[in-house]
Amino acid sequence: MQLKQRRIGKRLRKASQRLLEQKRGPAPTGTLAIAGVMAAPAAMAAAQPGEWELNSAILIYSETDRVTAIEPVFQASRYFDNDRIFSAKLVVDALTGASASGAVPAQTFQTFSRPSGRGAYTVGPGDVPLDDTFHDTRVALSSTWSQPLGTNLSGSFGLNVSKEYDYLSIGGSSVLNWDFNKKNTTLTLGLGYAQDQISPEGDIPTALAYQSYASGSDAEQSQSNYAAQEGSDNAERALRDGSDSKAVADVLVGLTQVIDRRSLVQLNYSLSLSDGYLTDPFKVVSVVDASDGTPQGQIYEHRPDSRLKQSLFVRGKRALENDDVVDLSYRYLFDDWGLRSHTVDVRYRWGLGEWFVQPHVRYYQQSATDFYQAFLIDGQPLPEDVSADYRLGDMQAFTAGVEVGRSAGAWGQWRVALEYYRQTPDEPSDKPGALAALEVAPAVEAVMVRFNYDFKL
Amino acid sequence: MLRILVMLCLLHLPSAYAASPLHPAAMFDLADYRGQVVYLDFWASWCVPCHASFPWMGEVQSAHAADGLRVVTISVDAQRRDAEEFLVRQGSALSAFHDPAGTLAEQFDLAGMPSSYVIDRDGQIVYAHSGFRAADIPELEMAIKEALTR
Amino acid sequence: MPVRAKPELARAGDLLVWRFEAMASPCEVLIDSADVNEARAVGRSVAEEVWRIERKFSRYRDDSLLAELHGCAGRPFEVDAETARLFDYGQELHALSDGAFDLTSGVLRRAWTFDGSERIPEREAVSALQALIGWSKVSWNGRVIELPIGMQIDLGGIGKEYAADRALLRARRRSNSPVLINLGGDLCCSGPRRGRRPWQIGVDTEGHGQACRMVLLNSGALATSGDANRYLMRDGVRYSHVLDARTGWPVSASAHAVTVAAPSCIEAGSLATLALLNGAAAERFLAHERVPHWITR
Amino acid sequence: MKNLFLSALALAVLGALGGCASLGVEPWQRDVLARDEMSLGYDPVTAGLDDHIYFSKEASSGGRGFGGGGCGCN
């Protein structure tokens with residue numbers, strides 16, 4: 001004889017509380033609290049079918065006197081039967097602060113028009129011109145579906161959309177993983193395509209055209225000229241395009257090899273082809289006097305219409321005898337813009353029972369692109385492509401940080417990281433006149449704080 | 001009155017483990033199961049699909065116990081404690097052996113984790129499978145039923 | 001009344017154990033403390049409380065409250081608050097089980113003896129007893145009970161679990177050290193052990209005298225219903241000792257034993273008992289209730 | 001230069017494929033490799049944040065894995 005199938009838990013709980021003369025509601029701490037049959041806390045077990053895995057993080061990135069970014073991320077992954085996973089990720093990126101415009105400093109005040117073409121800002125003597133109206137919010141949504149495609153083959157397919165005030169990017173990607181040699185070797189093939197549209201406020205500037213506000217002899221003069229020159233500025237902008245676009249295609253071929261019980265190595269070759277508008281519409285190049293080095297004005301930069309990047313990435317991970325993990329990676333990247341870069345990244349995860357501490361060091365070095373010029377000399381013929389963006393010049397960057405976290409616990413796991421990042425661009429060697437005494441490409445320092453929290457439902 | 005003997009053991013006492021159901025691999029002998037159909041499963045606490053296979057194996061064992069099925073599980077965990085903790089979490093009552101050196105695993109030449117074998121009443125392997133997904137269940141159950149009716 | 005072994009304090013690892021006998025079961029109190037005097041005091045208070053409940057509700061003693069009640073059958077009998085709470089609880093279980101659990105079903109023992117033999121009672125004997133079973137035949141208003149002549153109350157299904165919970169309350173009044181009380185397999189603890197370690201419990205559901213399962217208990221209680229060794233066997237049919245009060249016959253396809261973890265021992269024990277009464281659907285029932293459980297078939 | 005690099009890469013891949021038969025572990029020896037922190041895809045959220053920061057501050061990006069998608073970061 002079967003009893004009715006219905007949940008009786010609540011009534012039974014109440015009845016037993018009445019029997020034991022306990023107060024209603026949540027049981028008092030102690031005696032008859034939660035039924036707790038559980039093992040000692042252990043690392044969060046991998047998600048099982050039917051479960052949600054939620055990963056969240058917030059990053060605060062702050063440069064001294066320049067950009068500050070707050071970037072929350074939320075990712076939810078749902079695990080289905082038969083190794084199928086759906087994952088969706090939302091990234092918000094709120095930027096405020098100033099970024100280098102590309103113009104050189106001068107011994108006098110300089111005034112520049114804002115990227116939007118509306119209004120102007122003034123930079124003091126010796127200061128690197130920073131565009132201080134730099135703030136934008138980016139929202140990026142992406143989703144991925146992964147599933148097995150055969151006994152040893154699996155695939156994942158993704159779509160992503162990223163939207164900023166003046167920018168829209170839509171892309172798709174697919175990755176195939178083929179396991180063989182008892183899953184000790186994995187061959188990865190990745191393909192990606194994205195279409196980006198940029199429509200800056202104030203339209204796309206004409207490449208190599210003079211920006212309307214030339215440097216003034218002092219701040220007051222420039223301010224007073226502002227109203228008078230507005231009309232001509234608008235007239236010039238009418239010739240520009242409202243928006244432009246680019247397409248990016250990526251291919252990645254990777255090989256992952258298990259070396260032994262404690263180590264594995266990954267080798268990736270990737271190729272990325274960008275085609276279209278690759279110029280930064282907000283960057284300018286100063287034109288300076290050949291003898292005294294005084295800026296005569298600045299022109300909008302222009303970059304080539306296509307870029308072919310290739311990189312080779314090698315990474316190794318090894319768990320030491322004490323179960324600490326060493327994670328080493330190196331990337332060599334080169335492109336047809338003449339850029340070469342080396343990146344070395346080292347992490348050491350030091351396990352302390354349920355806690356871990358992970359120091360991290362990263363070194364980056366790049367050589368300038370062929371068309372990088374910190375400034376142009378007045379009177380010389382204009383090059384076809386030119387950019388004074390220090391990020392395309394010779395530079396080194398160094399990151400040092402530490403992450404601390406707890407990898408166990410019934411309520412999920414969290415970790416917090418603090419990192420220091422310093423970029424040191426090379427100073428141009430042939431600065432004429434007064435410019436020689438000024439720092440054109442000062443170091444940029446930033447501090448990053450990140451907090452992650454992962455849990456399962 | 002119910003006469004259920006309950007033993008309280010302490011984690012650090014060796015006697016606690018003596019009372020545990022995890023037997024050393026050396027005690028495993030297929031000949032002990034002659035006349036029965038054996039579903040032999042190699043698992044480890046670190047193997048993700050193994051977590052899903054245990055409830056199913058428990059069901060299969062209770063459904064076919066009377067027909068002569070024995071589900072025997074072999075842990076290849078390096079640490080005995082990890083295997084025991086897994087069994088505690090799973091609340092498993094299945095026969096369990098501990099093969100930290102991989103001696104049995106090597107004998108059976110596992111293709112993946114978990115790996116399972118259906119062994120007929122004469123001790124012959126009649127079916128081998130690696131991995132555990134929901135989609136594998138009908139095939140596994142078919143193999144077991146076939147061996148039971150043979 | 002068998003002569004009881006003298007209670008004694010022993011050491012088990014870094015625990016102190018107070019062993020005693022009650023309700024025909026070996027009982028123990030585990031105290032996670034190094035203080036022998038404290039442990040002895042806790043052990044004594046637990047044993048006293050369990051013995052008190054046993055004396056009051058035993059069906060074997062002629063000086064128990066139940067014996068007095070059975071002597072008053074056919075007449076109204078006013079009970080104290082504790083007894084009233086137990087009857088109320090029994091009534092609730094009766095309702096929750098649609099009558100399969102019944103405080104008056106103890107008389108079935110006259111027909112059924114589960115000793116592994118094949119002595120299945122005659123149908124007539126069982127149906128004769130059925131006349132004496134049924135909570136609905138009892139008049140109970142929460143204070144006064146009137147039992148029809150010949151009927152009896154038996155707290156067998158809930159008494160031990162209740163005693164464990166009550167004894168734990170007593171122990172907690174005595175001491176702050178972590179305590180675990182085990183009354184012949186029904187157990188409850190005051191919380192995790194020192195250092196937030198769980199209590200590690202081996203449960204023998206097969207009746208081999210050997211732990212088949214290990215359970216880690218941090219708080220709450222664990223109770224087991226059923227017994228692999230108590231059954232009757234005839235013509236290849238296994239008659240479990242779980243009797244459905246509505247029929248007087250064993251529940252078909254019932255699990256051999258069910259262990260449940262819950263905040264209190266009485267709740268765990270009741271869920272385990274209800275799971276057994278659910279027969280083949282025990283797994284479904286407990287999965288539905290979302291409590292940690294272990295079922296032996 | 002490019003051709004030389006590509007052929008060197010092809011050689012390296014072929015060599016790895018040929019040599020990998022002797023490398024690796026048995027399925028039951030993956031206890032350490034199965035740990036979260038040994039996975040190459042561990043903590044994708046952090047990897048994504050890092051990639052984005054360096055993408056917007058340096059002229060190099062990608063290579064590590066496959067994030068896909070563009071972003072108009074400055």
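1. Val288(A) faces Ile377(A), a residue of strand 21 of chain A. This is a predicted model, and the points below should be read that way. Strand 21 pairs with strand 15 (residues 284-288) of chain A in the parallel sense. Two bridges carry that pairing.

2. The wider setting is an open sheet of three strands in chain A, ordered 16-15-21. Its pairing is mixed. Strand 16 (295-300) and strand 21 (376-377) of chain A are the edge strands, and each pairs on one side only.

3. Now the contact of chain A with chain D. Chain A contributes 89 residues and chain D contributes 57 residues. Arg261(A), Lys317(A) and Arg391(A) account for 11% of the area that chain A buries against chain D. No other three residues supply more. The area buried between the two chains is about 6,000 Å². Carbon and sulfur atoms give 57% of that area.

4. On the polar side, the rule finds eight salt bridges across the interface of chain A and chain D. One joins the side chains of Arg347(A) and Asp50(D), at 3.5 Å from N to O. The rule also finds 34 residue pairs in polar contact across this interface, with both residues at pLDDT 80 or more. Strand 17 (residues 306-319) of chain A gives the largest share of the side of chain A that touches chain D: eleven residues. By class, that side of chain A holds 36 nonpolar, 24 polar and 29 charged residues.

5. Look next at Asp327(A), in strand 18 (residues 325-335) of chain A. Is Asp327(A) buried or exposed? Asp327(A) counts as buried because its relative accessible area is 9%, under the 20% cut-off. The side chain of Asp327(A) makes a polar contact of 2.7 Å with the side chain of Arg315(A). Beyond residues up to four places away in sequence, Asp327(A) touches Arg315(A), Gly316(A), Lys317(A), Asp345(A), Val346(A) and Arg347(A).

6. Two of those neighbours link back to the interface. Lys317(A) is one of the three residues named for their share of the area buried against chain D. Arg347(A) is the chain A partner in the salt bridge with Asp50(D). The C-alpha atoms of Asp327(A) and Arg347(A) are separated by 5.0 Å. Along the chain these two residues are 20 residues apart.

7. Thr186(A) deserves a similar look. Thr186(A) sits in strand 12 (residues 185-198) of chain A. Thr186(A) is buried, with a relative accessible area of 14%. The side chains of Thr186(A) and Asp179(A) are joined by a polar contact of 2.8 Å. Apart from residues up to four places away in sequence, Thr186(A) touches Asn177(A), Trp178(A), Asp179(A), Gly254(A), Leu255(A) and Thr256(A).

8. In chain B, take Thr73(B). This residue belongs to strand 4 (residues 69-75) of chain B. Its relative accessible area is 0%, so Thr73(B) is buried. Which residues does Thr73(B) touch, not counting those up to four places away in sequence? They are Asp41(B), Trp43(B), Phe54(B), Met57(B), Leu94(B), Ser95(B), Ala96(B) and Phe97(B).

9. Chain C has seven helices and 16 strands. Of its 297 residues, 61% are buried. Take the contacts in chain C between residues at least 6 apart in sequence: 61% of them join residues at least 24 apart.

10. Chain C also has an open sheet of three strands, in the order 4-6-5. The pairing there is antiparallel. Strand 4 (76-78) and strand 5 (139-140) of chain C are its edge strands, each pairing on one side only. Strand 5 pairs with strand 6 (residues 144-146) of chain C over two bridges. Trp140(C) has Ile145(C), in strand 6 of chain C, as its bridge partner.

11. Last, His94(C), in helix 3 (residues 81-96) of chain C. Why does His94(C) count as buried? Its relative accessibility is 19%, and the cut-off for buried is under 20%. Setting aside neighbours within four places in sequence, His94(C) is in contact with Gly99(C), Phe101(C), Asp102(C) and Trp135(C). The C-alpha atoms of His94(C) and Gly134(C) are separated by 9.4 Å, and the two residues are 40 residues apart along the chain.

Technical notes: Residues numbered from 1 in each chain as written. Chains lettered and ligands numbered in written order. Predicted model: local features only at pLDDT ≥ 70, side-chain atom pairs only at ≥ 80, totals over all residues. Heavy atoms only, no water. Contact = heavy atoms within 4.5 Å. Buried area = accessible area lost by both parts, 1.4 Å probe. Salt bridge = Lys/Arg side-chain N within 4 Å of Asp/Glu carboxyl O. Polar contact = N/O pair within 3.5 Å; in protein donor to acceptor, adjacent residues only side chain to side chain. Helix = DSSP H or I, 4+ residues; strand = E, 2+ residues; numbered from the N terminus. Nonpolar A, V, L, I, M, F, W, Y, C, P; charged D, E, K, R; others polar. Pairing = 2+ DSSP bridges. Buried < 20%, exposed > 50% of the residue type's maximum accessible area, 1.4 Å probe, protein only.
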